[in-house]
Amino acid sequence: MSLPIVAIIGRPNVGKSTFVNRLAGVQDAIVHDEPGVTRDRTYRRAYWCDREYLVVDTGGLVFDDDTEFLPLIREQAMAALAEATAAIFVVDGQDGPTPADEAIAEWLRTQNVPVLLAVNKCESPEQGLIQAAQFWELGLGEPYPVSAIHGSGTGDLLDQLIQYLPLVGEIEETEEIKVAIVGRPNVGKSSLLNAFVGENRAIVSPISGTTRDAIDTVVERDGKTYRLIDTAGIRKKKNVEYGPEFFGVNRAFKAIRRADVVLLVIDALDGVTDQDQKLAGRIEEEGRACIIVVNKWDAVEKDSYTIYEYEKQVKDRLHFVEWAPMIFVSALTGQRVEKIIDLVEIAAAEHKRRVSTATINQVLEEAISWLSPPTSRQGRQGKIYYGTQVSTQPPTIVLFVNDATRFNDNYRRYIERQFRQQLGFQGTPIKLFWRSKKVREAEAASRNKATRVKIG
């Protein structure tokens, strides 16, 4: 059963995002003292008494200006209201009613949605009643004085709000695959999101930096649920000023951390940049599964060899994630976009895959038979006693050896390649930890592992 949606509506800079954070009990939405920080619509889960709902933040509404993103913001706000069970119109109690508030109120009166009027920035209880009284003239019923910063007055407002929300019983938590869409500004991340969803879910513009927050969208395909996280374009630190973009970049890094699979979007016309390399490194460090999505492939002049040459160039530049599958798409035309979900499903399954100790040791036995561990200058050879998987997401394997220092990087990479060739792990990093163990300890441990296969 889907949760009811409550849309937060208002002109720019009246404190809508702060109000959303207050209702949701989080600090996820970007809050900055500058109009137009919120552009897309973002959803947060919220509770009050016995009601659970989704609160959706929208960009500031301006009806008499068609510059920059304002028409797109209006479109997003209208889409949010169209799916809402109720709406909260947020106004600024310190400014009093403005012509922009009156225009929004007039529009809201034509909508078939219950509307509550929240008069924000009423930090003083006594003064707040006077400030709120001015807004009776908007014709939307009782104005509730609230302070999004301090939380005062929100209880009375929410007591009234839940009268419009259906009582939702126990909601089954569906298992989700979390997919973060990351990349530099203007590589087509929002277009990719919209191609998945089939609607203009995020604002798409040729102006870089349109998306400033991390935006969650839930999509169901073939009985599976995917949470798609569109993120702000990530630029070099020296190019990021403190403010909305700074917070947006931090949200993008957090999105990588909480994702199961990361789609690293590359601009086919620009190729792999230094910033793309840094993003790939961050994905590998966080241990996230990854798919390299080369977007705008429709704009590339190509022959029968182009895709193979391009793939080699990308692999060479992004060697941190050489295990990541690559797909060439066009978010604009929809070319091959649907196939990304298939790759996501495989990568997510491999990311949380667990392999038995017996299987791991069979792979080790065969690997050692083909290439023995290196021998030190003193004639002491490395010896692998056994291996076992200790965790997933990403798959993590501990190898118990006589002396970890005897295994150089080349041999460690060889063992990792053997695991991938024999066991797959497509689309996910795998972590190998080499642990020195005394001979007697290793023999005792081996006796306790009935499933272990002797590997010499």
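This report describes side-chain contacts in a predicted model, taking the aromatic pairs, the salt bridges and the cysteines in turn.

**Aromatic contacts**

Across the whole structure, a search returns seven aromatic pairs. In one of these, the ring centres of Tyr-310 and Phe-328 are 5.9 Å apart, and because the ring planes stand at 80°, the pair is classed as edge-to-face. The two partners come from distant parts of the chain, with Tyr-310 in helix H9 (residues 306–317) and Phe-328 in strand S12 (residues 326–328), at a separation of 18 residues. Both Tyr-310 and Phe-328 are buried.

Another pair, formed by Tyr-386 and Phe-400, has ring centres 4.9 Å apart and planes at 35°, so this arrangement counts as tilted. Since Tyr-386 belongs to strand S13 (residues 384–391) and Phe-400 to strand S14 (residues 396–401), the contact ties together parts that are 14 residues apart in sequence. Tyr-386 is buried, with a relative accessible area of 3%, and Phe-400 is likewise buried, with a relative accessible area of 17%; the value for Phe-400 earns that label because buried means under 20%.

Ring pairs also join Phe-407, Tyr-411, Tyr-414 and Trp-434 into a cluster. A contact of another kind involves Arg-353, whose charged end sits over the ring of Phe-425 at 5.1 Å from the ring centre.

**Salt bridges**

Side chains of opposite charge can pair when their charged atoms come close. The structure holds 17 salt bridges, and three of them are listed below with the N to O distance and the relative accessible area of each partner.

| Salt bridge | N to O distance | Relative accessible area of each partner |
|---|---|---|
| Arg-317 and Asp-274 | 3.5 Å | Arg-317 31%; Asp-274 40% |
| Glu-284 and Lys-431 | 3.7 Å | Glu-284 27%; Lys-431 22% |
| Asp-403 and Arg-406 | 3.5 Å | Asp-403 21%; Arg-406 22% |

The salt bridge between Arg-317 and Asp-274 links distant parts of the chain, as Arg-317 lies in helix H9 and Asp-274 in helix H8 (residues 274–286), 43 residues apart. Arg-317 is partly exposed, and Asp-274 is partly exposed too.

Helix H8 also supplies Glu-284, whose side chain meets that of Lys-431 in a salt bridge. Because Glu-284 lies in helix H8 and Lys-431 in strand S15 (residues 431–436), this pair ties together parts that are 147 residues apart in sequence. Glu-284 is partly exposed, as is Lys-431.

In the salt bridge of Asp-403 with Arg-406, the closest N and O atoms are 3.5 Å apart. Asp-403 is partly exposed at 21% and Arg-406 is partly exposed at 22%; neither value falls in the buried class, because that class lies under 20%. Elsewhere, Arg-11, Asp-95 and Asp-101 are linked in a network of salt bridges.

**Cysteines**

The structure contains zero disulfides, which means that no pair of cysteine sulfur atoms lies within 2.5 Å. Two cysteines illustrate opposite surroundings: Cys-49 is exposed, with a relative accessible area of 60%, whereas Cys-290 is buried, with a relative accessible area of 0%.

Terms used:
Residues are numbered from 1 along each chain as its sequence is written. This is a predicted model: local features need pLDDT of at least 70, side-chain atom pairs count only at pLDDT 80 or more; totals for chains, interfaces and linings use all residues. Side-chain values use heavy atoms; hydrogens and water are left out. Buried means under 20% relative accessible area, exposed over 50%, partly exposed in between (1.4 Å probe, protein chains only). Rings of Phe, Tyr and Trp (its six-membered ring) pair if their centres lie within 6.5 Å; planes under 30 degrees apart count as stacked, over 60 as edge-to-face and the rest as tilted. Helices (H or I, at least four residues) and strands (E, at least two) are DSSP runs, numbered from the N terminus. A charge sits over a ring if NZ of Lys or CZ of Arg is within 6 Å of the ring centre and within 35 degrees of the ring normal. A salt bridge is a side-chain nitrogen of Lys or Arg within 4 Å of a carboxyl oxygen of Asp or Glu.
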